[in-house]
Amino acid sequence: MSSDTGEFARRDRAWHPPAFTPPYKTSVLRSPGKALVSLRQSIGERTGPVLGHGDLDPLDNDLIRNYITTGGEAIGERIIVHGRVVDEMGRPVKGSLVEVWQANAGGRYRHGNDHYLAPLDPNFGGCGRCVTDDDGRYFFRTIKPGPYPWMNHNSDWRPSHIHFSLFGNAFAQRLVTQMYFEGDPLIPLCPIIGTIRDKAAVDMLVAKLDMNEMVPFDSLVYRFDIVLRGRRSTFFENRPEGN
Amino acid sequence: MPVQYLKETPSQTGGPYVHIGCLPHFAGLNLRTQEKLHVLAGGGVPGEQIRIEGVVWDGSGHPLRDVMLELWQADSTGAYNAPGFRGWGRVGADPQTGLWGFETIRPGATPWIDSRPQAPHCSLLLFARGINIHLHTRVYFDDRPEANAADPALLSIELVNRRQTLIATRQAGGQGGSDVPTFRFDVHLQGDKETVFFDC
């Protein structure tokens, strides 16, 4: 739940990508020029919405079958992506909404602004969501997205990736990120991944092939674990609001 | 070596197609068509109905037409997660004009960490292509000047003339013939009018 049970550890903004990263061209005019203002967390940052419970469709986490328009399943490399969402102290993040979106097997997005010549798949939408269980676990079934070109340095290529949106249990834990696939040679060439300075941080975004969990004669499996901000213990703090 | 905890998963941009996963109907996908995430409160939720709208501008004065915004607020009594009011909303900017809007209720005052009241406000997050880690700001209301003048978060902004960037302006008359009070909140990502963004 999202009751206010304390303050979150501060974000390490040298670990996250900075706002101004010129090789990723769009960041140049979309990055604040002034310093962020430090704000003590109060109840609005330490709580968050409870979403997804009770209104998820059974196919919401099955991208192979949640957008069938011509009667077949999505075309491509059938995979399952699974993992655990934990906080920085290693505790499971329970009951929290995970949203994903991605291109199809050929690298084409089902979005009006994507004009890449690779075709749409009539049976693939590219949208999914699920809620973590009591152990912080999530999974969804999909096809592996293809790489695609984009207007950055006259056709850079994005590695295969799946976008993730995570709520955690408080607005301070909100996170949007991208998952990549183990062994993809486009990873070190990508200016968006290159916005992250620390190689260990990049490695956290690379899902590992998980042969132990593969589904025989059906799907390969990738494991992607996610870490959200952890709550501080604040043993020593005066807690006038009575937490 | 200080005590080491796990590291947070690093952020990446939401990209230009963020709508597919977060607002699929907006992206043209025939999924979840019943969801109107920019409407936090239709009729029936106690409190004063209001509309908050604006445009997000880049450093060259261009509107962001692919930005996604999320709002989080207390109910009219100042309670978060109160029964009957989700308190959270999400909207995409208009792909032609960049205008976005939430239909909600005016939040009540909420306590600061020392129990002093905070002026009524909404938390607002921005996600978009070119934004590597989401930006966090707050929306206050210009028809609550006394509460704003005593608000601990606004007072913590050292550069006094920047506090004004967080105060939404009540528009004359209602929007489109309705009498719902409408507050304009433009966000400037960069430059002289740059909005205050928080690290919290």
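Student: How do the residues lining the largest pocket divide by class?

Tutor: This is a predicted model, and in it the lining of the largest pocket divides into 16 nonpolar, 13 polar and eight charged residues. The pocket has a volume of about 930 Å³. Among its 37 lining residues, the closest to the centre are A:Asn113, B:Pro16, B:Tyr17, B:Asp66 and B:Arg129.

Student: What makes B:Asp66 and B:Arg129 count as charged here?

Tutor: The class goes by residue type: Asp, Glu, Lys and Arg are the charged ones, so B:Asp66 and B:Arg129, both named among the residues closest to the pocket centre, fall in that class.

Student: Which strands of chain A each supply at least two residues of that lining?

Tutor: Strand S6 (148-150) and strand S8 (161-166) of chain A do. The largest share, three residues, comes from S6(A).

Student: What makes the next space a cavity rather than a pocket?

Tutor: A cavity is a space where a 1.4 Å probe fits but cannot get out, whereas a pocket is open. The search finds three cavities of 30 Å³ or more, and the largest holds about 60 Å³ of space. Residues from both chains line this largest cavity, including A:Arg11, A:Phe171, B:His134 and B:Cys200. By class, the lining has four nonpolar, two polar and three charged residues.

Student: Why is B:Cys200 called buried?

Tutor: The cut-off for buried is under 20% relative accessible area. B:Cys200 has 10% relative accessibility, so it counts as buried.

Student: How do you know that B:Cys200 is not in a disulfide?

Tutor: A disulfide needs two cysteine sulfur atoms within 2.5 Å. The closest cysteine sulfur to that of B:Cys200 is in B:Cys122, and it is 15 Å away, so that is too far for a bond. Over all chains, the structure holds zero disulfides. A:Cys190 is in none either, with the nearest cysteine sulfur, that of B:Cys22, 19 Å away.

Student: What makes A:Cys190 buried or exposed?

Tutor: Its relative accessibility is 3%. That is under 20%, so A:Cys190 counts as buried.

Student: Where does the largest share of the largest nonpolar core come from?

Tutor: That core has 65 residues, of which A:Val81, A:Tyr138, A:Phe164 and A:Phe224 touch the most other members. Strand S9 (residues 175-181) of chain A gives the largest share, five residues. Apart from this core lies another, of 30 residues, among them B:Ala41, B:Leu71, B:Phe102 and B:Ile105. In soluble globular proteins, nonpolar side chains tend to be buried together.

Student: What is unusual to look at in phi of A:Asn154?

Tutor: Phi of A:Asn154 is positive, about 45°, although the residue is not a glycine. A:Asn154 lies in the loop between S6 and strand S7 (156-158) of chain A. A:Ser155, in that loop too, has a positive phi near 75°.

Student: Why is A:Asn154 called exposed, and what is A:Ser155 called?

Tutor: Exposed means over 50%. A:Asn154 has a relative accessible area of 70%, so it is exposed. A:Ser155 has 36%, which lies in between the two cut-offs, so it counts as partly exposed.

Student: What makes A:Asp218 partly exposed?

Tutor: Its relative accessible area is 33%. That is neither under 20% nor over 50%, so A:Asp218 is partly exposed. A:Asp218 is found in the loop between strand S10 (206-209) and strand S11 (220-223) of chain A. A:Asp218 and A:Val206 are 12 residues apart in sequence and 23 Å apart, C-alpha to C-alpha.

Methods
Residues are numbered from 1 along each chain as its sequence is written. Chains are lettered from A and ligands numbered from 1 in the order in which they are written. This is a predicted model: local features need pLDDT of at least 70, side-chain atom pairs count only at pLDDT 80 or more; totals for chains, interfaces and linings use all residues. Side-chain values use heavy atoms; hydrogens and water are left out. On a 1 Å grid over the protein atoms alone, a cavity is a set of points where a 1.4 Å probe fits but cannot get out, and a pocket is an open set with protein on both sides within 12 Å along at least five of seven lines; lining residues have an atom within 4 Å of a point. Grid points are joined across faces, edges and corners, and a volume is the space filled by probe spheres set on the points. Helices (H or I, at least four residues) and strands (E, at least two) are DSSP runs, numbered from the N terminus. A nonpolar core is a set of buried Ala, Val, Leu, Ile, Met, Phe, Trp, Tyr and Cys residues joined through side-chain atoms within 4.5 Å. Buried means under 20% relative accessible area, exposed over 50%, partly exposed in between (1.4 Å probe, protein chains only).
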